[in-house]
Amino acid sequence: MTIETLNLNEAEGGVPNSPLPLVIYRNVIPPATKDPAQWLEQRFAAHHWPPQWRYIIYPFTHFHADTHELLGVYAGQAQVQFGGENGPVIPLTAGDVVLIPAGVGHKAVRSENDFMVVGAYPPGMSADLCRDDPARLAAVRRRIAKVPLPAIDPITGDRGGITTLWHNPEQA
């Protein structure tokens with residue numbers, strides 16, 4: 001497994017983005033896994049990120065103002081744009097997991113091979129659906145400011161990942 005980060009600090013239109021880095025965990029699922037979706041769900045739950053759904057990534061720019069979102073790719077591949085309509089497009093493939101901070105825009109630009117993800121959130125959280133709306137930027141920023149930092153990394157547990165990248169960025 002490798003961990004990549006993507007900094008999307010600046011707002012783009014009505015997409016606020018975040019000072020927290022987006023985290024991409026590559027090649028998380030062991031190669032011989034018979035049911036990758038179930039493996040991701042068990043891993044997320046074991047680290048206190050209860051899985052809530054299996055589906056696609058929407059093909060329109062959206063973000064969540066009330067929670068951070070965890071997406072585990074269990075089938076196929078996709079090109080996913082982060083940060084808004086001018087943001088970078090990142091390839092995701094089966095075995096990758098992406099942790100999207102509250103406020104960071106995302107959409108599937110293109111998907112192939114029956115692309116599917118498991119979605120999860122910190123305990124007690126569920127996703128709202130916000131769209132790129134500059135008139136609502138100040139209001140959604142106030143909501144995002146209230147979203148707590150998760151205590152445990154959804155993949156690594158109590159060490160590494162966001163326990164360093166989000167809680168102690170000077171040590172990353």
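**Figure 1. Helix 2 has a buried side in this predicted model.** Helix 2 spans residues 137-145. Three of its residues, L137, V140 and I144, are buried. These residues cover an arc of only 70° around the axis, so they lie on the same side of helix 2. What does the buried side pack against? The buried residues of helix 2 pack against strand 4 (62-63) and strand 9 (130-131). The face turned away from the buried side carries R142 and A145, and both are exposed.

**Figure 2. Y55, Y58 and F60 form an aromatic cluster.** Ring pairs link these residues. A search of the whole structure turns up two aromatic pairs. One pair joins Y55 and Y58: the ring centres are 6.2 Å apart and the planes stand at 70°, so this pair is edge-to-face. The cut-off for that label is over 60 degrees. Y58 also pairs with F60. Here the centres are 5.0 Å apart and the planes are 15° apart, and the pair is stacked. Are these rings buried or exposed, or in between? Y55 has 43% relative accessibility, so it counts as partly exposed. Y58 has 33%, so Y58 is partly exposed too. F60 has 23%, and that also makes F60 partly exposed.

**Figure 3. Two arginines sit over aromatic rings.** The charged end of R131 lies over the ring of F60. The distance to the ring centre is 3.9 Å. F60 also belongs to the cluster with Y55 and Y58. The other arginine is R54. R54 lies over the face of Y74, 5.7 Å from the ring centre.

**Figure 4. The largest nonpolar core has 20 residues.** In soluble globular proteins, nonpolar side chains tend to be buried together. Which residues have the most contacts inside this core? They are Y25, L40, F44, V97 and L99. Several elements each give two or more residues to the core. These are strand 2 (22-26), helix 1 (36-46), strand 5 (69-82), strand 7 (97-100), strand 8 and helix 3 (162-165). Helix 1 gives the most, with four residues.

**Figure 5. L99 touches many residues.** Residues up to four places away in sequence are not counted here. Among the contacts of L99 are L22, V23 and Y25. W49, H68, E69 and L70 touch L99 as well. So do P154, I162 and W166. A second core, separate from the largest one, has 18 residues. Its members include I24, A78, V98 and V104.

**Figure 6. G95 is a buried loop glycine.** G95 is found in the loop between strand 6 (89-93) and strand 7. Its relative accessible area is 5%, so G95 counts as buried. Which residues does G95 touch, leaving out those up to four places away in sequence? G95 touches Y25, R26, N27, V28, I29 and V73. P150 is 55 residues from G95 along the chain. The C-alpha atoms of G95 and P150 are separated by 22 Å.

**Figure 7. G124 is an exposed loop glycine.** G124 lies in the loop between strand 8 (106-120) and strand 9. Its relative accessible area is 85%, so G124 counts as exposed. T67 is 57 residues from G124 along the chain. The C-alpha atoms of G124 and T67 are separated by 9.7 Å.

Technical notes
Residues are numbered from 1 along each chain as its sequence is written. This is a predicted model: local features need pLDDT of at least 70, side-chain atom pairs count only at pLDDT 80 or more; totals for chains, interfaces and linings use all residues. Side-chain values use heavy atoms; hydrogens and water are left out. Rings of Phe, Tyr and Trp (its six-membered ring) pair if their centres lie within 6.5 Å; planes under 30 degrees apart count as stacked, over 60 as edge-to-face and the rest as tilted. Buried means under 20% relative accessible area, exposed over 50%, partly exposed in between (1.4 Å probe, protein chains only). A charge sits over a ring if NZ of Lys or CZ of Arg is within 6 Å of the ring centre and within 35 degrees of the ring normal. The arc is that of the directions from the helix axis to the C-beta atoms. Contact means heavy atoms within 4.5 Å. A nonpolar core is a set of buried Ala, Val, Leu, Ile, Met, Phe, Trp, Tyr and Cys residues joined through side-chain atoms within 4.5 Å.
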